[in-house]
Amino acid sequence: MTVPRQPSSPESPESPDPADEVGRPREGRRHMIRRRWLTATIIVLLIGVPAGYLVISANQSRNSGRDKEAKYSATGLTAGWPSKVQRRLYDVPIAPYSREVAYYETNNWRTSRLYAQFLTSNKGLDKFLKQIGTSTGELKKNDITISKRDRKVVGWEFTDPGPWLGLTHTKKDPAPTLDVVVNRVDPHHPMVYVVSTTTP
């Protein structure tokens, strides 16, 4: 009876080295460790560096938001846009793409007010004034139409370099009355301050 021949084990001296089959020398231990270390380093760089940038960017964005929040909360203002409902009720259509937007709302049994500010373009200012029913031609130089009382509520001082322009747009009740002040120190990007007052 013939016993079938067993295949030789990989450790057997008869088995050919796979490296020999392709004509390459077998990889040494030091070379293998160096290759694995290099592969791990590349993976860490490919994953870790972008992740690090994301973390730094998120922290900077969060810190920027906190700085704005701290800056405005000291004056009662809230950094960000009023809700669509607030903008509609108080007739304050802040121009799209505006920056440095902040607002504050007060309510009592007699009157309600929305204080808002935003930095916009000349086109944005024209659009805003047109939407509330007036125009840039109605702005009067050095006419600070927002009262001292209202300025004090949100910490607006209007002492920066001008020119300063203003207007009051009055509508029939219950539509709001808007006091608008514009700082045109930057001729291309006016800063707009609005106090909209409604009497329920």
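How many bridges pair strand 6 and strand 7, and in which sense? The two strands pair in the antiparallel sense over seven bridges. Val182 stands opposite Val192 in strand 7. Two strands count as paired if DSSP finds at least two bridges between them. Strands (E, at least two residues) and helices (H or I, at least four) are DSSP runs, numbered from the N terminus.

The model is predicted: local features need pLDDT of at least 70, side-chain atom pairs count only at pLDDT 80 or more, and totals for chains, interfaces and linings use all residues. Residues are numbered from 1 along each chain as its sequence is written, and side-chain values use heavy atoms, with hydrogens and water left out.

The sheet is open and has seven strands. Their order is 1-2-3-7-6-5-4, with antiparallel pairing. Strand 1 (78–79) and strand 4 (140–141) are the edge strands, each pairing on one side only. Strands of a sheet pair through backbone hydrogen bonds, either parallel or antiparallel. Two bridges hold strand 1 to strand 2 in the antiparallel sense. Here Ala79 has Ala102 of strand 2 as its bridge partner. Strand 2 and strand 3 form a hairpin, with four residues between them. Seven bridges pair these two strands, again in the antiparallel sense. Within the hairpin, Arg99 has Leu119 of strand 3 as its bridge partner. Strand 3 also runs antiparallel to strand 7, joined by eight bridges. Leu114 stands opposite Ser196 of strand 7 in this pairing. On the other side of strand 6, strand 5 pairs with strand 6 in the antiparallel sense over six bridges. Trp164 stands opposite Asn183 of strand 6.

Burial was examined next. Buried means under 20% relative accessible area, exposed over 50%, and partly exposed in between (1.4 Å probe, protein chains only). Strand 3 is mostly covered, with eight of its eight residues buried. In a regular strand the side chains alternate between the two faces of the sheet. Both faces of strand 3 are covered. Ser112, Leu114, Ala116 and Phe118 are buried on one side. Arg113, Tyr115, Gln117 and Leu119 are buried on the other. Strand 6 is largely enclosed by the rest of the structure, because six of its seven residues are buried.

The largest nonpolar core has 21 residues. Such a core is a set of buried Ala, Val, Leu, Ile, Met, Phe, Trp, Tyr and Cys residues joined through side-chain atoms within 4.5 Å. Val92, Phe118, Phe128, Val180, Val192 and Val194 have the most contacts inside the largest core. Strand 2 (99–107), strand 3 (112–119), helix 4 (122–132), strand 5 (164–169), strand 6 (177–183) and strand 7 (191–198) each supply at least two residues. Helix 4 gives the most, with four. Phe128 touches Val92, Pro93, Phe118, Val180, Val192 and Val194, not counting residues up to four places away in sequence. Contact means heavy atoms within 4.5 Å. A second, separate core has 13 residues, including Ala102, Ile146, Val181 and Val195. Helix 4 lies across strand 3, strand 5, strand 6 and strand 7. The helix runs at about 165° to strand 6. Axes here are lines fitted to C-alpha atoms, for helices over the stretch in contact, and angles run from 0 to 180 degrees between N-to-C directions.

Thr145 is found in the loop between strand 4 and helix 5 (148–154). Thr145 counts as buried because its relative accessibility is 16%. The Thr145 side chain reaches the backbone oxygen of Val180 at 3.0 Å. Leaving aside neighbours within four places in sequence, Thr145 is in contact with Gly166, Leu167, Thr168, Asp179, Val180 and Val181.

The whole structure holds eight aromatic pairs. Rings of Phe, Tyr and Trp (its six-membered ring) pair if their centres lie within 6.5 Å; planes under 30 degrees apart count as stacked, over 60 as edge-to-face and the rest as tilted. Trp156 and Phe158 form a stacked pair, at 6.1 Å centre to centre with 25° between the planes. Both residues are buried. Trp164 and Tyr193 form a tilted pair, at 6.2 Å and 35°. Trp164 lies in strand 5 and Tyr193 in strand 7, so this pair ties together parts that are 29 residues apart in sequence. Trp164 and Tyr193 are buried. Ring pairs link Tyr104, Tyr115, Trp156, Phe158, Trp164 and Tyr193 into a cluster.

How values were computed
Polar contact = N/O pair within 3.5 Å; in protein donor to acceptor, adjacent residues only side chain to side chain.
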